[in-house]
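Welcome! Here are some short exercises to work through with the structure in view. Try each task yourself before reading its solution.

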Amino acid sequence: MTSRLARFVTRTLLPVLATAAMFMPGPLAAQGDLLVAPTRVILDGSRGTEVILSNIGQQEATYRIGLELRRMTKEGKLEDVSREEANEIEQAALGMIRYAPRRIKLAPGQPQAVRISARPGAELPDGEYRVHMSFKAIPQARPVTAENATTTAGGISIQLIPIYGVTIPVIVRKGRLEAIAAIQNPQITAGPGGQDVLTLDLARKGESSTYGEIRVMKQGQDEPIYLARGVAVYSELSERTVRMGLNAEQAAAMRGPVRIEYRQMPEKGGDLIAAVDTVIG
């Protein structure tokens, strides 16, 4: 990483990310003592980009960087896909991504850049290709003590060490791609424990995924009464069901006429992707 970028991240970005990790756990990629920014990478040209890793802990840490395949289910979950099960699009995505370094050791408070680029072949069909880049902590070797060990039936002591990691999507778009979306079937349903849940379907058509925030607006008000950020419908899906937990005040405010909008993220311009005017009973 260049000295100028290092100074910027250390003095400006790292304190902001650390504060955001405490108050905005949803859209921020943070796990353990590792912060990653940005949380989503899109490559649609010959130039690559960088992802910044930051160690906000008090001890030196080492992270292994790799590529994984995941598919989104209709419920919005990401399921792991083995390389043996990968389809042609997923195999092509793995083959075109280049990144370095693949292992990073960070001192406390130290940031580091990971360079990412894509080389789609000229014969590759136009479309969207996606992998997920993982950043996993490598546990430090520690002696087994009575406090952190578990004894098996055979009298053998073992130590269980959790491995923390962050995963972000890396999307490559080749050619001129378009996508449209529609909001369908919005309603308030009962979730686990009786909590009210706003449920809706996001229908998608086109060659690329959609990504943005869902806003629920009351007529006559400029500010949303509910906001959900970072909602994606990946290109393998034609429809995704979104469920968002509500507190009692939010659920009461939503009943009656509302406008539900699906917009691009503010940092991407906030353009409207889809909207519906409806009445929630």
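**Exercise 1. Find the residues at the heart of the largest nonpolar core.**

Solution. This is a predicted model, and its largest nonpolar core holds 32 residues. Start with the members that touch the most other members: L53, I97, I116, M133 and F135. Next, look at where the core residues come from: strand 5 gives the largest share, with 5 residues. Finally, look for a second core, separate from the one above. That one has 27 residues, among them I171, V231, M244 and A274.

**Exercise 2. Decide whether E68 is buried or exposed, and list what surrounds it.**

Solution. First, place the residue: E68 is part of strand 5. Then check its relative accessibility, which is 18%. The cut-off for buried is under 20%, so E68 counts as buried. Now look for its neighbours, leaving out residues up to four places away in sequence: E68 touches V131, H132, S134, K136 and T167. With one of them, S134, there is a polar contact between the two side chains, at 3.5 Å.

**Exercise 3. Describe how helix 2 begins, which of its residues are buried, and what covers them.**

Solution. Begin at the N-terminal end of helix 2, where N87 acts as a cap. A side-chain oxygen of N87 lies 3.1 Å from the backbone nitrogen of I89. Move along the helix, which spans residues 88-96, and pick out its buried residues: E90, A93, L94 and M96. Last, see what lies over these buried residues: the cover includes strands 5, 6, 7, 9, 10 and 13.

**Exercise 4. Sum up the chain as a whole.**

Solution. Count the elements first: the chain has 3 helices and 20 strands. Then take burial: 39% of the 281 residues are buried. For the surface, the chain exposes about 15900 Å², and carbon and sulfur atoms supply 49% of that area. To finish, consider contacts with a separation of 6 or more: 66% of them join residues 24 or more positions apart.

**Exercise 5. Find a stretch to read with care.**

Solution. Start from the overall confidence: the mean pLDDT is 85, and 80% of the residues reach 70 or more. Next, look for a low run: over residues 16-28, pLDDT stays under 50. The model has 16 contacts beyond four places in sequence for this stretch. Where pLDDT is low, predicted coordinates should not be read in detail.

Note on methods
Residues are numbered from 1 along each chain as its sequence is written. Side-chain values use heavy atoms; hydrogens and water are left out. Buried means under 20% relative accessible area, exposed over 50%, partly exposed in between (1.4 Å probe, protein chains only). Helices (H or I, at least four residues) and strands (E, at least two) are DSSP runs, numbered from the N terminus. Contact means heavy atoms within 4.5 Å. A polar contact is a pair of N or O atoms within 3.5 Å; within protein, one must be able to donate a hydrogen and the other to accept it, and residues adjacent in sequence count only if both atoms are side-chain atoms. Accessible areas come from the Shrake-Rupley method with a 1.4 Å probe; for residues, only the protein chains shown count as cover. pLDDT is the predictor's confidence in each residue, from 0 to 100. A nonpolar core is a set of buried Ala, Val, Leu, Ile, Met, Phe, Trp, Tyr and Cys residues joined through side-chain atoms within 4.5 Å.
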